[in-house]
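Subject: Structure handover

Hello,

I am passing on the structure we spoke about, along with notes on what was found in it. Please look through the model first and then read on.

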Amino acid sequence: MPRISPTRLVLSTCPDGKTAGRIARALVGEKLAACVNILPIERSVYRWKGKVKSAREKLLIIKIRAADYRRVETRLRALHPYELPEVLAVPVAAGYARYLAWINNPDTIR
């Protein structure tokens with residue numbers, strides 16, 4: 001059975017591009033993430049405080065070392081304007097070895 005990579009993708013939504021950019025720059029600048037992609041979401045539909053709501057958002061796809069997850073979560077929560085920010089970590093089952101090495105190389109990110 002293949003070993004799961006020590007890499008994680010962290011997903012988080014943001015209310016707008018300015019917020020998404022600020023969070024992405026902070027995480028990369030603080031060497032908590034190797035890369036952050038910012039994608040437009042046409043519409044999110046969700047239940048919040050008993051009501052169905054919808055909003056346009058930006059999605060952050062944050063590439064991190066698994067060992068840094070707790071620090072990334074703490075930093076995301078501190079930077080995020082939402083009362084309950086989305087912070088979901090997904091293990092990377094496989095990927096291009098050189099790319100995964102770049103994300104996980106302490107000399108590259110630290």
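How many helices and how many strands does the chain have? The chain has four of each: four helices and four strands. Please keep in mind that this is a predicted model.

Overall layout

Read from the N terminus, the elements follow the order β-α-β-β-α-β-α-α. The C-alpha trace spans about 45 × 35 × 25 Å along the principal axes of the chain.

The sheet

In what order do the strands of the open sheet lie? The order is β2-β3-β1-β4, and the pairing is antiparallel. β2 and β4 (88-91) are the edge strands, each pairing on one side only. On average, neighbouring strands of this sheet are turned by 30° against each other, direction ignored.

Taking the pairs one by one, β2 and β3 run antiparallel and are joined by twelve bridges. Within this pair, leucine 39 has leucine 59 in β3 as its bridge partner. β2 and β3 also form a hairpin, with two residues between the strands. Lysine 49 sits in the turn of that hairpin and has a positive phi of about 50°.

β3 is also joined to strand β1 (residues 7-14), again in the antiparallel sense, by eight bridges. Two positions can be used to find this pairing in the viewer. Leucine 9 stands opposite lysine 63 in β3, and cysteine 14 stands opposite lysine 58 in β3.

β1 and β4 pair over four bridges, also in the antiparallel sense. Here valine 10 has alanine 89 in β4 as its bridge partner.

When you look at the strands, remember one general point: side chains in a regular strand alternate between the two faces of the sheet.

Helices on the sheet

Which strands does α1 lie across? α1 lies across β1, β2 and β3, and runs at about 135° to β2. Helix α3 (residues 97-104) packs on the sheet as well, where it touches β1, β2 and β3. The direction of α3 makes about 95° with that of β3.

Helix against helix

Helix α1 (residues 17-29) also packs with helix α2 (residues 69-79), at an angle of about 145° and with the two axes 11 Å apart. The crossing in which α1 passes α2 is right-handed. On the α1 side the contact is made by Arg22, Ile23, Ala26 and Leu27, and on the α2 side by Arg75, Leu76 and Leu79. Sorted by class, this contact of α1 with α2 has five nonpolar and two charged residues, and no polar ones.

The largest pocket

What is the volume of the largest pocket? The volume is about 310 Å³. The lining of the largest pocket is made up of 13 residues, and those nearest its centre are Tyr46, Trp48, Glu57, Tyr82 and Leu84. By class, the lining divides into six nonpolar, two polar and five charged residues.

Which strands each supply at least two residues of this lining? β2 (35-48) and β3 (51-65) each do so. The largest share, five residues, comes from β2. The strand that contributes this share of the pocket lining is also an edge strand of the sheet.

That is what I have on this model for now.

Regards

Terms used. Residues numbered from 1 in each chain as written. Predicted model: local features only at pLDDT ≥ 70, side-chain atom pairs only at ≥ 80, totals over all residues. Heavy atoms only, no water. Axes fitted to C-alpha atoms, helices over the stretch in contact; angles between N-to-C directions. Left-handed = near helix turned anticlockwise from the far one by under 90°. Contact = heavy atoms within 4.5 Å. Nonpolar A, V, L, I, M, F, W, Y, C, P; charged D, E, K, R; others polar. 1 Å grid on protein atoms, 1.4 Å probe; cavity = no way out; pocket = protein on both sides within 12 Å on 5 of 7 lines; lining within 4 Å. Points joined across faces, edges and corners; volume = space filled by probe spheres on them. Pairing = 2+ DSSP bridges.
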